[in-house]
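Please open the model in your viewer and keep the sequence panel beside it, since this tour moves from one selection to the next.

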Amino acid sequence: PQTSGTTLRALAHDEISHVRVNVAQNHNTTAATLDILAKDEHHKARQGVARNPNTPPSVLDALAADNDDGVRADVATNPLTPVSVLDFLAKDRYVDVRANVAGNPVVSGETLEVLAKDRYADVRMRAAGNPYTPSHLLEVLAKDRDSSVRLSLAVNQYAPAEALEALTRDRDVYVRRRTAENPNTPLDALKVLALDADQEASETASKRLSQSQNAVS
């Protein structure tokens, strides 16, 4: 982290690929050097560029068309990736790319509408866990057929009360447990969970109800 941008620029031309990979990942690396490494023959160097917070949007745009699935997946995770590029990557054939788009904090609501219906649970799961996913989509995902999607929603601290209330009677005990822990779960939902057949879910909900009553008094 103490290596200067000038030195990193020189190391970006090193014959050892691992050196170039480290340069690509270094947060001191300048945008100009990252532009060079975005064309590196080694896919891990390009992946490092895709993840780097200093990478210019124009470079991320170019990497979104990379032949390597991992590079495109890393572009999809970068919060500096332009919304238009995320819209493009949301149609990618590789499921991890679409999943990373679904979890990106700047992805558009329109794109999340599409990804929330993706045939792969991993994509829907990331949408359910994204704090910026619109409430109406989270309410739909609360009824998802895959328990991993509902579990991701249960731990989303920005989930709306209506979605969390739907999870209080979920058939998966782990979903009910995480719902009981969610700070956004409303009191009425906690009262339901306090009567849950699962001891952990019941105790967690009862404890939170008691804490809420003590705070009021």
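At what angle do helix H12 (residues 147–154) and helix H14 (residues 173–181) pack, and how far apart are their axes? Select both stretches in this predicted model, and you will find that helix H12 and helix H14 pack at an angle of about 10 degrees, with their axes 8 Å apart. Angles under 35 degrees count as roughly parallel, and H12 and H14 are therefore described as roughly parallel to each other. Now show the side chains where the two helices meet: Ser147, Arg150, Leu151 and Ala154 belong to H12, while Tyr174, Val175, Arg178 and Thr179 belong to H14. Sorted by class, this contact holds four nonpolar, two polar and two charged residues.

Keep Arg150 on display and add Asp170 to the selection, because the side chains of these two residues meet in a salt bridge, with 2.5 Å from N to O. Asp170 sits in the loop between helix H13 (161–167) and H14, whereas Arg150 is in helix H12, so the pair ties together parts that are 20 residues apart in sequence. Are the two partners buried or exposed? Asp170 counts as buried because its relative accessibility is 8%, and Arg150 counts as buried as well, at 2% relative accessibility. From here, select Arg177, Arg178, Glu181, Asp198 and Glu200, which are joined into one network by salt bridges that share partners.

Next, move to helix H2 (residues 17–25) and helix H4 (residues 43–51), which pack at an angle of about 5 degrees with their axes 7 Å apart. H2 and H4 are therefore also described as roughly parallel to each other. To see the contact itself, show Arg20, Val21, Ala24 and Gln25 of H2 together with Lys44, Ala45, Gly48, Val49 and Arg51 of H4. The residues of this contact divide into four nonpolar, two polar and three charged.

Leave Arg20 visible and select Asp40, which is found in the loop between helix H3 (31–37) and H4. With a relative accessibility of 10%, Asp40 counts as buried, because buried means under 20%. If you draw a distance between the side chains of Asp40 and Arg20, you will find a polar contact of 2.5 Å. A polar atom of the Asp40 side chain also lies 2.8 Å from the backbone nitrogen of His42. When residues up to four places away in sequence are not counted, Asp40 touches Arg20, Ala45 and Arg46.

Arg46 leads to the following stop, so please add Asp66 to the view: Asp66 forms a salt bridge with Arg46, and their closest N and O atoms are 2.7 Å apart. Asp66 lies in the loop between helix H5 (57–63) and helix H6 (69–77), while Arg46 is in helix H4, so this pair ties together parts that are 20 residues apart in sequence. Both Asp66 and Arg46 are buried.

For a last selection, show Asp35 and Lys39, which form a salt bridge whose closest N and O atoms are 3.0 Å apart. How exposed are Asp35 and Lys39? Asp35 counts as partly exposed, at 35% relative accessibility, and Lys39 is exposed, with a relative accessible area of 62%. The count for the model comes to 16 salt bridges, and the pairs visited on this tour include Asp170 with Arg150, Asp66 with Arg46 and Asp35 with Lys39.

Methods. Residues numbered from 1 in each chain as written. Predicted model: local features only at pLDDT ≥ 70, side-chain atom pairs only at ≥ 80, totals over all residues. Heavy atoms only, no water. Axes fitted to C-alpha atoms, helices over the stretch in contact; angles between N-to-C directions. Helix = DSSP H or I, 4+ residues; strand = E, 2+ residues; numbered from the N terminus. Parallel < 35°, antiparallel > 145°, perpendicular 65-115°, else oblique. Contact = heavy atoms within 4.5 Å. Nonpolar A, V, L, I, M, F, W, Y, C, P; charged D, E, K, R; others polar. Buried < 20%, exposed > 50% of the residue type's maximum accessible area, 1.4 Å probe, protein only. Polar contact = N/O pair within 3.5 Å; in protein donor to acceptor, adjacent residues only side chain to side chain. Salt bridge = Lys/Arg side-chain N within 4 Å of Asp/Glu carboxyl O.
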